[in-house]
Amino acid sequence: MANLRARLTRPFAVLAVSAALGGLLTVTGAAPAGAAPAGSLPFDGSPLTVQNGRFTDSYGREVVLRGYNVSGEAKLAENTGLPFASVADAQKSANALRALGGGNSVRFLLSWAYAEPVRGQVDTAYLAAATAQLRAFLDAGIRVYADFHQDLWSRYLFNTGSWYTGDGAPQWAVDAGGYPQESCGICLFWGQNITQNQAVTRAFHDFWHNSYGLQDAFLATAQTTMAYLKQHLTTDEFAEVVGFDPFNEPYAGSYDSGQTSRTWERDLLWPFYVAFRARMDAAGWQDKPALVEPNLFWNANIDTQKQEGGLLDAGTLGPRYVFNTHFYDQKAISGILMWGKASDGQYATDFATVRDRASAAGTAAVVSEFGHPLSGTVSDKAPTVDKAMYQALDSRRKGADWWTSPSGSGPVLSGSQWQWDIYSGRHHELMNANPDKVLTSGDAWNDEDLSAVSLDGSGAVTLRQDARLLDRVYPGATAGTTLAFTYEDRSRDGSTTLTWNPVPSTLPNVQQLVGSGQYGLLVWRSNGGSAPTELHLPASFPTATTTVVSDLGTVYGPPSYTSATPVAAAAEPGGTGSRRLLLTAADSGVLHYALVTNGATAPSATLLAAARSELAAWAAARF
């Protein structure tokens, strides 16, 4: 039964698929204060806003944020609510996230309990340590959005012998409520505490009704935290802070008489976000969006759990708010409701719902948590579940339909996988302060095990999942409007290579060029901006053996970037060795396409030209 104590929306387990890093990782020192990250180009590091339902930089490029949550360690007491034990560990993690995980952004977890351990007294030592660790990611060229995290309200609700624990609110906030002895009753998953544990449900209810001034206190601490970050980061560093996630996985706790999930969002959750937005403005974050989450259960994929929501009555959100949601396959996690593994297009409809809700709200979307257990009874599903989730982030079309109807792809979604915890399997957490319950395995939190990384015997960061799944081609910035994107990662499920989007036989030269390799294809319409379109190049795409076929040119081994080079490669900011493909088009309103693959070895000019002709005809017909 112990392995079942997890949550239907994000549980417990992990099959570790290791990827040896060898000498690939090095820990570099932080950049000098105020200096741009190493390898930066003139168009790097501009602040993001929300325009036309997309994250947009100051050059008018659509920006896609991809990365990880950093990290579940902040839920634990062992490092006093911080993601890392030291700045050196934060630097090591950031460099690896960029070089091995392919991320350009992180959701950075903070703890209210440690930010305000005494009511009305913000711990500036905690804020200073958190800021220094956050800066390590900015130095690596990684954008950050912060999150005051909570699960099950607070660890202080739970007794020392409990099967479960929480995180979030400080001890004094729990003491104020005088809550009953916590008990989940007969629970198989930790998430059942959200609706079945009366201590948890009453605490949530109190917060949303501002009982004991709890919400006022939280908002004041949030404002102080944001003001501290702005004051202690340089202007260039603060520019790469995307925004703030006010509250993780909000839920009413219990509904008042006559109240529904939808009216709770309208009458209590949304006013809280408006108040939080005002605190952001007061703290100097007026140009950054609040990344607001709807009712936790609005998009549950088990009908009995689903509740009406999605901030339906909030009106137009953008540009000061971003629609921020999570997605876990509760059916796959249950071990009962989905037999077998995920397949091509498994989550196309679920993620289309996210796209459509954000579009209706007039703002951008981000899926700030997704993933699957990596050990335990359902961990065998992880390779296919995670592949299908990334596929759905890339396009609303499944692979079998993409080539014939790419124009229906929709925007490429931003997302942060749960999670990137370098201490995975090496914790020393006294669960609920109980010295007889020292947790070391997995995430050391409610039997979860979802970290994509761990440390090997030498202390180097090592991937626990297939690098081909995690380190992906994606359009980090598009100079214009993205019309369609797909990426075939050829990731593995054990010894089986998963190919869900093969190049069709109607494009024989493109098919020959790609062969059994990985490929990505972006179609966009230019906007006349001065900065190029960017595609992240995974480590599996060495510059010298990467092939690009585009209307802008055909290249095997892209040359170094200059503003006059239409198809080129360059380092990504941060000095970690990660790279990007840069595509420069000075025109406006023109259809462009670019296929990038690692499947060819010294392709002939004839093959490149033939592949280009096929893609040109395909693009003209489909768009």
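This report describes a buried leucine, the nonpolar cores and selected salt bridges of a predicted model.

## Basis

Residues are numbered from 1 along each chain as its sequence is written. In this predicted model, local features need pLDDT of at least 70 and side-chain atom pairs count only at pLDDT 80 or more, while totals for chains, interfaces and linings use all residues, and side-chain values use heavy atoms, without hydrogens and water.

## Surroundings of L138

L138 lies in helix α3 (residues 124-139); helices (H or I, at least four residues) and strands (E, at least two) are DSSP runs numbered from the N terminus. L138 is buried because its relative accessibility is 3% (buried is under 20% relative accessible area, exposed over 50%, partly exposed in between; 1.4 Å probe, protein chains only).

Beyond four places in sequence, the contacts of L138 (heavy atoms within 4.5 Å) are P37, V144, L233, E237, E240 and V241. P37 is 101 residues away in sequence, yet the C-alpha atoms of P37 and L138 are 7.5 Å apart.

## Salt bridges

The whole structure holds 28 salt bridges (a side-chain nitrogen of Lys or Arg within 4 Å of a carboxyl oxygen of Asp or Glu). In one of them, R66 pairs with D394 at 2.8 Å between the closest N and O atoms. R66 belongs to strand β4 (residues 66-70) and D394 to helix α12 (residues 382-394), so this pair ties together parts 328 residues apart in sequence. R66 and D394 are both buried.

D281 and R277 also form a salt bridge, at 2.9 Å from N to O. About one helical turn separates D281 from R277, because they are 4 residues apart in helix α9. D281 is partly exposed at 26% relative accessibility, whereas R277 is buried at 2%.

## Nonpolar cores

The largest nonpolar core (buried Ala, Val, Leu, Ile, Met, Phe, Trp, Tyr and Cys residues joined through side-chain atoms within 4.5 Å) has 117 residues. A second, separate core has 22 residues, including L483 and L607.
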